[in-house]
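Student: I am new to this structure and would like to learn how its descriptions are justified. Could we look at it together and go through the reasoning step by step?

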Amino acid sequence: MMGWCLTQMNRPLSQLPTQQQLDVLGSKNYFTFAQLVEAALRTMTRLFIGMLWSLAFSLVFGVMAARYKTARYFILPLVNLLESVPLRGFLTFTTAWFMGWFPNNVLGVEAVAIFGVFTAQAWNIMLVLYQSLRVTPKELLTVADQFGCNSWQRFWRLEFIYAVPGILWNMVISQSAAWFALVACEQATVAFPRTEP
């Protein structure tokens with residue numbers, strides 16, 4: 001199913017209907033049940049891919065900020081700054097950037113939507129992971145050291161497990177922001193020159 005959604009996302013922009021075609025057909029004739037199911041599956045795929053990117057970002061930068069003092073001085077102010085930028089601020093420059101990566105392809109527009117989902121939740125998930133890593137009880141860390149866990153094992157067997165409730169809670173809360181971001185991205189109009197057949 002995910003593969004089918006990805007193939008539907010990777011097609012030329014010329015295959016999408018124009019506003020004139022929609023006006024002629026009417027929304028009742030164009031949006032059939034099958035097309036609504038396809039749109040719902042593609043939306044869920046966007047949310048899923050955005051969540052995966054958010055988790056990957058959180059694991060890399062949350063751990064770096066928690067472990068390294070020098071990185072913390074750069075990562076935390078940058079994340080706090082990016083968290084305060086409204087979604088429309090990101091969409092102003094990223095739309096042209098992603099459309100340039102995938103010219104005349106639906107994948108450019110899909111990448112904009114996925115990036116919108118990412119920006120809606122990545123900062124929150126990263127900050128909760130950072131906070132959980134910083135407040136892991138020292139007693140648990142001592143026990144992990146006594147069992148001979150190296151830093152990799154200690155992270156995956158103790159610290160990450162300790163952070164999971166906060167991460168899951170924040171993922172659920174961040175989904176509301178992701179839905180808002182997705183709606184904002186899906187209603188943005190992308191103008192490009194096109195001729196009617």
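Student: Why does Val117 count as buried?

Tutor: This is a predicted model, and in it Val117 has a relative accessibility of 0%. Buried means under 20% relative accessible area, so Val117 counts as buried.

Student: Where does Val117 lie, and with which residues is Val117 in contact, leaving aside its neighbours within four places in sequence?

Tutor: Val117 belongs to helix H7, and, with those neighbours left aside, its contacts are Arg46, Leu47, Gly50, Met51, Ala178, Ala181 and Leu182. Contact here means heavy atoms within 4.5 Å. The C-alpha atom of Val117 is also separated by 8.4 Å from that of Gln175, although the two residues are 58 residues apart along the chain.

Student: What makes H7 mostly covered?

Tutor: Of the 29 residues of H7, 22 are buried, and that is the count on which the description rests.

Student: How does the reach of H7 from its first C-alpha to its last stand against what is expected at 1.5 Å a residue?

Tutor: H7 reaches 42 Å, which is close to the 42 Å expected for its 29 residues, while at Gln121 the helix bends by about 35 degrees.

Student: Which residues line the second largest pocket, and how do they divide into nonpolar, polar and charged?

Tutor: The lining includes Trp53, Phe98, Trp101, Leu107, Ile114 and Phe118, and its residues divide into twelve nonpolar, no polar and no charged. H7 gives the most to this lining, with five residues, and the pocket has a volume of about 290 Å³.

Technical notes. Residues are numbered from 1 along each chain as its sequence is written. This is a predicted model: local features need pLDDT of at least 70, side-chain atom pairs count only at pLDDT 80 or more; totals for chains, interfaces and linings use all residues. Side-chain values use heavy atoms; hydrogens and water are left out. On a 1 Å grid over the protein atoms alone, a cavity is a set of points where a 1.4 Å probe fits but cannot get out, and a pocket is an open set with protein on both sides within 12 Å along at least five of seven lines; lining residues have an atom within 4 Å of a point. Grid points are joined across faces, edges and corners, and a volume is the space filled by probe spheres set on the points. Helices (H or I, at least four residues) and strands (E, at least two) are DSSP runs, numbered from the N terminus. Ala, Val, Leu, Ile, Met, Phe, Trp, Tyr, Cys and Pro count as nonpolar, Asp, Glu, Lys and Arg as charged, and the others, Gly among them, as polar. The expected span of a helix is 1.5 Å times one less than its number of residues. The bend at a residue is the angle between axes fitted to the seven residues ending there and the seven starting there. Buried means under 20% relative accessible area, exposed over 50%, partly exposed in between (1.4 Å probe, protein chains only).
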